[in-house]
Amino acid sequence: MTNIIEHTYKELADTGELRLTEKDYSTNYLGRCKSYYGYLKSTGRQASTDVLLKLWAQLRLAEKQAKTRNKTKYDFFKKHQPSHLQKTASELSNKVLGELLARCTVCSTPQIGRAHV
């Protein structure tokens, strides 16, 4: 199984700000059926690039929601301290993005053949 998938689940669950179950993680963060994370753990299979992309997008959304969740009308006058969930989601989204970039392949441009005379 992709270590980033397991690591992300554990880190999100450890924030204490979410009541995250494996089923919730499978559906809300990985965009698959409720048993998908368990399937990955039991088979040792890799998550697809599509799943990583969905995870990255959901982490960015979680970061944004955590940022706006604790704001009040008086926050304009004070420096906002990010929550633990906001920091964790930000760090994890960067790691998932790194994994996505590592999976990308460089496309080579086909050579243009010589014109036949």
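Leaving aside its neighbours within four places in sequence, which residues is Thr49 in contact with? Keep that question in mind while you look through the close-up views below; the last legend answers it. The model shown here is predicted.

**Figure 1. The whole chain is built from helices, with five of them and zero strands.** Following the sequence from one end to the other, you will meet the pattern α-α-α-α-α. The chain has 117 residues, and 30% of them count as buried. About 8,400 Å² of surface is accessible, and carbon and sulfur atoms make up 52% of that area. Take the contacts in the chain with a separation of 6 or more: residues 24 or more positions apart account for 62% of them.

**Figure 2. Helix 1 crosses helix 2.** Two packed helices are described by the angle between their axes and the distance between the axes. Here, helix 1 covers residues 3-14 and helix 2 covers residues 22-29, and their axes come within 11 Å while crossing at roughly 115 degrees. The two helices are therefore roughly perpendicular to each other. The crossing of helix 1 and helix 2 is right-handed. To find the contact, look for Ile5, Thr8, Tyr9 and Leu12 on helix 1, which meet Glu22, Tyr25 and Tyr29 on helix 2. Sorted by class, the residues of this contact are five nonpolar, one polar and one charged.

**Figure 3. Helix 2 also meets helix 3.** The axes of helix 2 and helix 3 come within 7 Å, with a crossing angle of roughly 110 degrees. That angle makes helix 2 roughly perpendicular to helix 3. From helix 2, the contact uses Glu22, Tyr25 and Ser26, and from helix 3 it uses Tyr36, Tyr37 and Lys41. Three nonpolar, one polar and two charged residues make up this contact of helix 2 with helix 3.

**Figure 4. Gly38 sits in helix 3, which spans residues 36-43.** Is Gly38 buried, exposed or partly exposed? Gly38 is partly exposed, because its relative accessible area is 30%, a value that falls between the 20% limit for buried and the 50% limit for exposed. Now find Glu22: Gly38 and Glu22 are 16 residues apart in sequence, while their C-alpha atoms are 7.2 Å apart in space.

**Figure 5. Helix 2 and helix 4 pack across one another.** Helix 4 runs over residues 49-69, and its axis and that of helix 2 come within 9 Å, crossing at roughly 100 degrees. Helix 2 is therefore roughly perpendicular to helix 4. On helix 2, pick out Tyr25, Asn28 and Tyr29; they meet Lys54, Leu55, Gln58, Leu59 and Ala62 of helix 4. The residues of this contact divide into five nonpolar, two polar and one charged. You may recognise Tyr25 and Tyr29 of helix 2 from Figure 2, where both take part in the contact with helix 1.

**Figure 6. Thr49 in helix 4 and its contacts.** Here is the reply to the opening question: leaving aside neighbours within four places in sequence, Thr49 is in contact with Leu100 and Arg103. Another residue to find in this view is Cys104. Thr49 and Cys104 are 55 residues apart in sequence, yet 9.2 Å apart in space from C-alpha to C-alpha. With a relative accessible area of 38%, Thr49 counts as partly exposed.

How values were computed
Residues numbered from 1 in each chain as written. Predicted model: local features only at pLDDT ≥ 70, side-chain atom pairs only at ≥ 80, totals over all residues. Heavy atoms only, no water. Helix = DSSP H or I, 4+ residues; strand = E, 2+ residues; numbered from the N terminus. Buried < 20%, exposed > 50% of the residue type's maximum accessible area, 1.4 Å probe, protein only. Contact = heavy atoms within 4.5 Å. Areas by Shrake-Rupley, 256 points an atom, 1.4 Å probe, with all protein chains shown as cover. Axes fitted to C-alpha atoms, helices over the stretch in contact; angles between N-to-C directions. Parallel < 35°, antiparallel > 145°, perpendicular 65-115°, else oblique. Left-handed = near helix turned anticlockwise from the far one by under 90°. Nonpolar A, V, L, I, M, F, W, Y, C, P; charged D, E, K, R; others polar.
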